[in-house]
Amino acid sequence: MKLSEIKEVLKTVEAVNFELPDGTFVPEYFHVTEVGLVTKNFIDCGGTVRKETVVNFQLWDANDYEHRLKPQKLIHIIELSEKVLGIEDNEIEVEYQNTTIGKYDLDFNGKNFTLLNKQTACLAQEQCGIPSDKSKVKLSQLNTDNANSCTPGGGCC
């Protein structure tokens with residue numbers, strides 16, 4: 001989800017709720033303690049230099065049981081961050097500490113914001129010898145006319 005998308009969604013919801021990948025929710029008394037611009041400059045295993053930029057939201061459970069972040073207040077925090085930090089319309093990454101600090105992609109399911117598990121991947125598969133995906137074939141579709149194939153009762157097994 002991009003920054004412009006969350007701002008549009010926030011205009012339509014009454015509450016800001018974040019659902020974790022396991023279906024549980026970030027406690028409703030969470031705080032957004034940081035909105036930042038994170039740029040990662042790196043080189044992949046194939047030698048290509050890359051740059052990724054995301055807007056980072058850090059959620060914090062402060063046990064401040066009476067606190068509720070209203071949608072308009074989050075819009076204000078986002079707009080202030082855009083102005084002060086020069087943030088553009090980038091993808092959002094959410095940090096939240098459960099058992100450890102997790103980084104999540106963000107989506108919206110029509111009612112709640114959903115935190116999606118991030119996945120690692122090789123960005124240079126063609127460079128570092130990762131085999132391409134093998135095609136899957138149903139055993140029932142294999143050619144049994146081949147002289148090298150086994151047949152029931154054929155004694156090859």
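Two strands pair if DSSP finds at least two bridges between them. Use that cut-off in the exercises below, which concern a predicted model.

**Exercise 1.** State how strand S4 and strand S5 are joined, and in which sense they run.

*Solution.* Take S4 as residues 92–97 and S5 as residues 101–108. Count the bridges: 5 join them. The cut-off is at least two, so S4 and S5 pair. Their direction is antiparallel. For one bridge, start at Glu-95; its partner in S5 is Lys-103.

**Exercise 2.** Work out the strand order of the sheet and explain which strands stand at the edges.

*Solution.* The sheet is open and has 6 strands. Read the order: S1-S6-S5-S4-S3-S2, with mixed pairing. S1 (18–19) and S2 (31–43) each have a single partner strand, so one side of each lacks a neighbour in the sheet. Now add helix H2 (residues 71–85). H2 lies across S2 and S3 (49–60), at about 40 degrees to S2.

**Exercise 3.** Decide whether Lys-7 is buried or exposed, and list what it touches.

*Solution.* Locate Lys-7 in helix H1 (residues 3–10). Its relative accessible area is 17%. Buried means under 20%, so Lys-7 is buried. Leaving out residues up to four places away in sequence, Lys-7 touches Ile-75, Ile-78, Glu-79 and Glu-82.

**Exercise 4.** Describe the largest pocket and its lining.

*Solution.* The space is about 610 Å³. Its lining has 18 residues; closest to the centre are Lys-40, Glu-52, Glu-93, Lys-118 and Gln-119. By class, 8 are nonpolar, 3 polar and 7 charged. S2, S3, S4 and S5 each supply at least two lining residues.

How values were computed. Residues numbered from 1 in each chain as written. Predicted model: local features only at pLDDT ≥ 70, side-chain atom pairs only at ≥ 80, totals over all residues. Heavy atoms only, no water. Helix = DSSP H or I, 4+ residues; strand = E, 2+ residues; numbered from the N terminus. Contact = heavy atoms within 4.5 Å. Axes fitted to C-alpha atoms, helices over the stretch in contact; angles between N-to-C directions. Buried < 20%, exposed > 50% of the residue type's maximum accessible area, 1.4 Å probe, protein only. 1 Å grid on protein atoms, 1.4 Å probe; cavity = no way out; pocket = protein on both sides within 12 Å on 5 of 7 lines; lining within 4 Å. Points joined across faces, edges and corners; volume = space filled by probe spheres on them. Nonpolar A, V, L, I, M, F, W, Y, C, P; charged D, E, K, R; others polar.
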